Structure formats: C-alpha cells, structure tokens
2 protein chains.
Amino acid sequence: MIAKPADTKTRILDAAEKLFGKSGFDATSLRDITAEADVNLAAVNYHFQSKESLIDSVIARRIEPVNLKRLAMLESAGPNPNLEQILIAFMAPVLNQQDLSGAIELMARIFATPDMFVTRLFKTHFTAIVERFSEAIGKTLPELSRTEILWRLHFTGGAMAHVLARSHLLPQMMPGFPELPDRQTVLARLVTYAAAGFRATEGF
Amino acid sequence: MIAKPADTKTRILDAAEKLFGKSGFDATSLRDITAEADVNLAAVNYHFQSKESLIDSVIARRIEPVNLKRLAMLESAGPNPNLEQILIAFMAPVLNQQDLSGAIELMARIFATPDMFVTRLFKTHFTAIVERFSEAIGKTLPELSRTEILWRLHFTGGAMAHVLARSHLLPQMMPGFPELPDRQTVLARLVTYAAAGFRATEGF
DNA sequence: GTCTATAGGTTGATAGAC
DNA sequence: GTCTATCAACCTATAGAC
C-alpha cells in the first residue's frame with residue numbers, strides 16, 4: 001500500500017466529513033476544517049465556493065457509493081429475493097461501510113438532521129432507492145398496500161438511523177447491558193425485527 | 001379562556017423551543033430567541049445564566065410531562081398489560097402531544113441530535129423509562145433475553161423518532177403517496193409494526 | 001427585573017500578492 | 001492554486017445604570 005499524498009480538495013473533504021460527523025454542520029466552522037486538514041482557509045472557498053456547497057459535496061461523496069451498493073446487492077439476490085435479502089441489501093451497505101474518516105457518524109447526521117437543506121439532499125439521493133426497494137418488497141408481500149409498505153420502510157429507516165446514531169451509548173444507558181456486539185450481529189437483530197414488522201397483518 | 005400575559009421567563013422558553021425545533025440548537029442564537037420572544041437580550045442570561053442551561057430547561061420542560069404520562073398510561077393498563085398496551089403507553093404521549101409552540105419538532109431534535117450534551121440529557125431523562133418499559137415487555141415476552149428486549153426497544157425508539165422528524169415529507173418524497181393521515185392512524189401503524197418486531201423469534 | 005452599551009471573540013467570505 | 005490580510009457581520013456574556 002502506498003500512502004497517497006491526498007490533494008487539497010480531498011483533504012478538505014476528509015476533514016469536513018470527520019468534523020461534520022462529530023459536531024454537526026452548524027457547529028463546525030470552516031476554520032475547524034482547514035485546521036484539521038492542514039490547509040489554508042481560503043482553499044475552501046476556492047475549491048467549494050461556499051460552506052453549504054461543501055456540505056453538499058461531503059454528503060454526496062459518501063451516499064452515492066452506498067446507494068450503488070444497495071442496488072447491486074438487491075440485483076445479485078436474483079429476480080425474486082426474499083424479504084430478508086431485501087432488507088439486508090437495504091441496510092448492510094449503510095451499517096457496514098468503512099468508517100475511515102467518520103463516514104458512519106456523518107451518515108447518522110444526515111438521517112437525523114431535519115434541516116431543510118439536508119432534507120433536500122435526502123430527497124435527491126433516496127427517492128430512487130425507496131422506489132426500487134418498495135417495489136421489491138411489494139412483490140414478496142403482495143397483500144400489503146403500497147402506502148403501508150412505504151410507512152414500514154419509513155419505520156425501518158428510522159430504526160437503522162437510530163442504530164447509527166445512538167447504539168454506542170446503549171451500554172452506558174442501561175446498567176448490565178453487555179458489550180456492543182459486532183456489526184453483523186446488530187444487522188441480524190435489526191433484520192429479524194424489521195422483517196417481522198413488515199410481515200405483520202395490515203390494519204391490526 | 002383568558003389569554004395569559006406570559007412572563008419573560010416563559011416567553012423565552014416558548015420562543016427558544018420553537019426556534020430550537022425549527023433550526024436546531026447551534027443554528028439558533030440568543031438574539032433570534034429574544035427577538036422572537038420580544039424581550040431584551042440580557043434577560044436570557046439573567047434568567048438562565050447561559051445558552052446551554054437554557055437548552056437544558058427547554059428540553060426538561062417538555063420531556064418530563066411526557067415521561068410522567070408514559071408511566072401513568074402504563075400503570076392504568078393494569079398489572080398485566082399486553083404488548084400493544086405497553087407500546088401505546090411508550091409512544092402515544094410522544095406522538096400525540098400538543099404542538100403548541102413546536103414541542104414535536106423539539107422532541108424530534110432531541111432524539112436526533114447525537115451531540116454530547118444532548119446525549120447526557122437523554123440519559124438523564126430516559127434511563128428510568130427504559131428500565132420500566134423493558135421490564136413490562138419482559139413479562140409479556142418471557143422468552144426474549146433482556147438484551148434482545150433493549151435492542152428492540154432501541155429500534156422502536158428510532159422508528160418513533162423518525163416519524164417525528166421526517167413523516168411530513170413522505171408525501172413529497174414519494175409520488176403517489178397519499179395525504180398524511182391523522183396521528184392516531186400513524187400510531188396504530190407504528191404499534192402494529194413494532195409489536196410484530198418484538199414478537200419475532202429471537203436469533204432468526 | 002429590565003435596560004443600554006460594550007467587551008472580546010468568532011464567523012463566512014473575499015481581495016489581491018505571489 | 002495557495003497564501004496573508006482583512007472586512008463586515010455575528011456571537012455569548014457581562015458590567016452597570018435605572
């Protein structure tokens with residue numbers, strides 16, 4: 001492995017990702033980022049024009065590969081994937097991604113931030129995913145209405161986002177809670193829970 | 001109904017709640033708050049000492065009544081509540097609260113903000129609730145391990161938080177998604193989903 | 001309790017030299 | 001492309017008059 005001397009633009013993206021994930025978009029200043037990246041302050045505006053545009057770039061760089069992976073996993077499960085395969089394709093690329101420079105914490109922020117400009121990105125990047133996955137689920141659960149499927153996907157996304165953002169404090173919140181298991185175990189628990197939720201009889 | 005002339009302290013709390021919910025804690029300045037509340041800037045520091053202490057007060061004012069309501073609903077379901085009753089007691093007080101000055105949006109922020117000082121409040125206000133509800137669930141689902149119950153409560157809290165934070169954009173995210181139903185309908189959907197998730201056989 | 005005034009520091013963004 | 005220097009605006013917090 002050759003240590004790549006990352007160029008300025010990449011260094012800024014890496015530093016911004018790390019700090020946005022740790023402290024949020026508002027609380028992270030451009031000066032924090034340039035200090036972390038060890039580049040000049042003016043370089044941010046030269047390469048990204050504005051802070052908001054930098055946020056756009058940081059988010060898109062991580063989300064797009066994840067979404068491609070989701071679609072690829074769904075494809076590779078064949079023309080008639082079962083519910084568990086679908087849910088794993090939906091969640092594994094998010095939960096299992098490499099946390100090189102804080103990608104997981106960043107993703108937790110994106111899911112959890114209701115601010116308008118993040119919401120806009122949410123729409124941009126997730127609409128096609130929701131469309132594709134809700135269609136696949138509809139094929140395995142034809143008795144569910146499309147509306148119900150979308151709601152349950154909404155619930156499932158919420159559970160997944162919460163796992164990203166807060167799982168690390170389960171042990172300290174609950175006395176006697178065991179060590180955090182590895183990601184595969186968490187994913188398995190989540191898939192079991194969500195699959196049962198999807199299979200519930202509609203209307204209660 | 002007599003229109004109460006709220007005192008300065010209450011006006012600040014109301015304005016802060018509204019703006020924290022709308023824009024987040026970092027993006028809301030004390031000047032934003034005092035302008036909204038139509039009080040003097042210095043009044044904030046007089047009544048609350050610091051911004052962080054104001055945030056504490058704003059959050060505690062809304063969370064504590066909700067948690068009392070949760071415990072009361074669980075009590076009133078009798079000594080052996082079924083799973084649905086437990087889940088309704090857990091979620092209804094959060095989802096159905098009056099959104100007078102932005103309480104629901106504030107609650108969404110609290111659940112969704114992974115910052116340390118919010119996490120600390122999370123522990124302060126929710127540990128007892130989790131303890132009580134996980135115990136009640138354990139009585140109805142004795143075959144589940146305590147660890148599994150805590151994980152599934154974690155997932156359920158995530159789904160609920162996501163409903164608070166993002167449900168309003170389901171219609172615009174999905175072409176053909178119908179109008180948002182009333183809160184009771186959303187709650188019923190969520191309870192159906194979560195109850196099935198809890199009843200899943202452990203270990204898959 | 002409420003106000004004005006201000007201290008002391010940070011912010012995003014840019015102009016202009018190299 | 002990268003730097004220094006700087007602007008104008010904003011921030012939290014406090015001192016001190018009333």
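Which atom of DNA strand C lies 2.8 Å from a polar side-chain atom of A:Arg31? In this predicted model, the partner of the A:Arg31 side chain is a base nitrogen of DNA strand C. The elements that give two or more residues to the surface near this strand are helix 2 (30-37) and helix 3 (41-48) of chain A, together with helix 3 (41-48) of chain B. The largest share, three residues, is supplied by helix 3 of chain B.

Around DNA strand C there are 13 residues, of which A:Ser29, A:Leu30, A:Arg31, A:Lys51 and B:Asn40 come nearest. Of the atoms of the strand that come within 4 Å of the protein, 55% are accounted for by sugar and phosphate. Two of the nearest residues place polar atoms beside the phosphates: a polar side-chain atom of A:Ser29 lies 2.9 Å from a phosphate oxygen of DNA strand C, and a backbone N or O atom of A:Leu30 lies 2.9 Å from a phosphate oxygen of that strand. In residue classes, the surface near DNA strand C divides into four nonpolar, seven polar and two charged residues.

DNA strand D is surrounded by 14 residues, and the closest of these are A:Asn40, B:Ser29, B:Leu30, B:Arg31 and B:Lys51. Sugar or phosphate makes up 55% of the atoms of DNA strand D within 4 Å of the protein, and the rest belong to bases. A polar side-chain atom of B:Ser29 is placed 2.8 Å from a phosphate oxygen of the strand, while a polar backbone atom of B:Leu30 is 2.9 Å from a phosphate oxygen. The side chain of B:Arg31 is directed to a base, with an N or O atom 3.2 Å from a base oxygen of DNA strand D. At least two residues of the surface near this strand are supplied by each of helix 3 of chain A, helix 2 (30-37) of chain B and helix 3 of chain B. That surface comprises five nonpolar, six polar and three charged residues.

The two protein chains were then compared by superposition. Chain A is superposed on chain B by a rotation of 180° with 0.0 Å of shift along its axis, at an RMSD of 0.1 Å. This is the relation of a two-fold axis. The same surface serves both copies, given that 100% of the contact residues of chain A recur in chain B.

Within chain A, the secondary structure amounts to 10 helices and zero strands, and the C-alpha trace spans about 60 × 40 × 40 Å along its principal axes. Of the 204 residues of this chain, 53% count as buried. When contacts in chain A between residues at least 6 apart in sequence are considered, 72% of them join residues at least 24 apart. The chain exposes about 9,200 Å², of which 56% is supplied by carbon and sulfur atoms.

The loop between helix 2 and helix 3 holds a residue with an uncommon backbone angle in each chain. As a rule, most residues other than glycine have a negative phi. In chain A, A:Asp38 lies in this loop and has a positive phi of about 60° although it is not a glycine. With a relative accessible area of 62%, which is over the 50% cut-off, A:Asp38 is therefore classed as exposed. In chain B, B:Asp38 lies in the loop between helix 2 and helix 3, has a positive phi of about 55° although it is not a glycine, and counts as exposed at 62% relative accessibility.

A further loop residue in chain A, A:Thr113, is placed between helix 6 (103-112) and helix 7 (116-140). A:Thr113 has a relative accessible area of 10% and is therefore buried, the cut-off for that class being under 20%. A polar atom of the A:Thr113 side chain lies 2.6 Å from the backbone oxygen of A:Arg109. Leaving aside neighbours within four places in sequence, A:Thr113 is in contact with A:Phe25, A:Val118 and B:Arg166.

Definitions and conventions
Residues numbered from 1 in each chain as written. Chains lettered and ligands numbered in written order. Predicted model: local features only at pLDDT ≥ 70, side-chain atom pairs only at ≥ 80, totals over all residues. Heavy atoms only, no water. Near = heavy atom within 4 Å. Polar contact = N/O pair within 3.5 Å; in protein donor to acceptor, adjacent residues only side chain to side chain. Helix = DSSP H or I, 4+ residues; strand = E, 2+ residues; numbered from the N terminus. Nonpolar A, V, L, I, M, F, W, Y, C, P; charged D, E, K, R; others polar. Buried < 20%, exposed > 50% of the residue type's maximum accessible area, 1.4 Å probe, protein only. Contact = heavy atoms within 4.5 Å. Least-squares fit on C-alpha atoms with pLDDT ≥ 70 in both. Areas by Shrake-Rupley, 256 points an atom, 1.4 Å probe, with all protein chains shown as cover.
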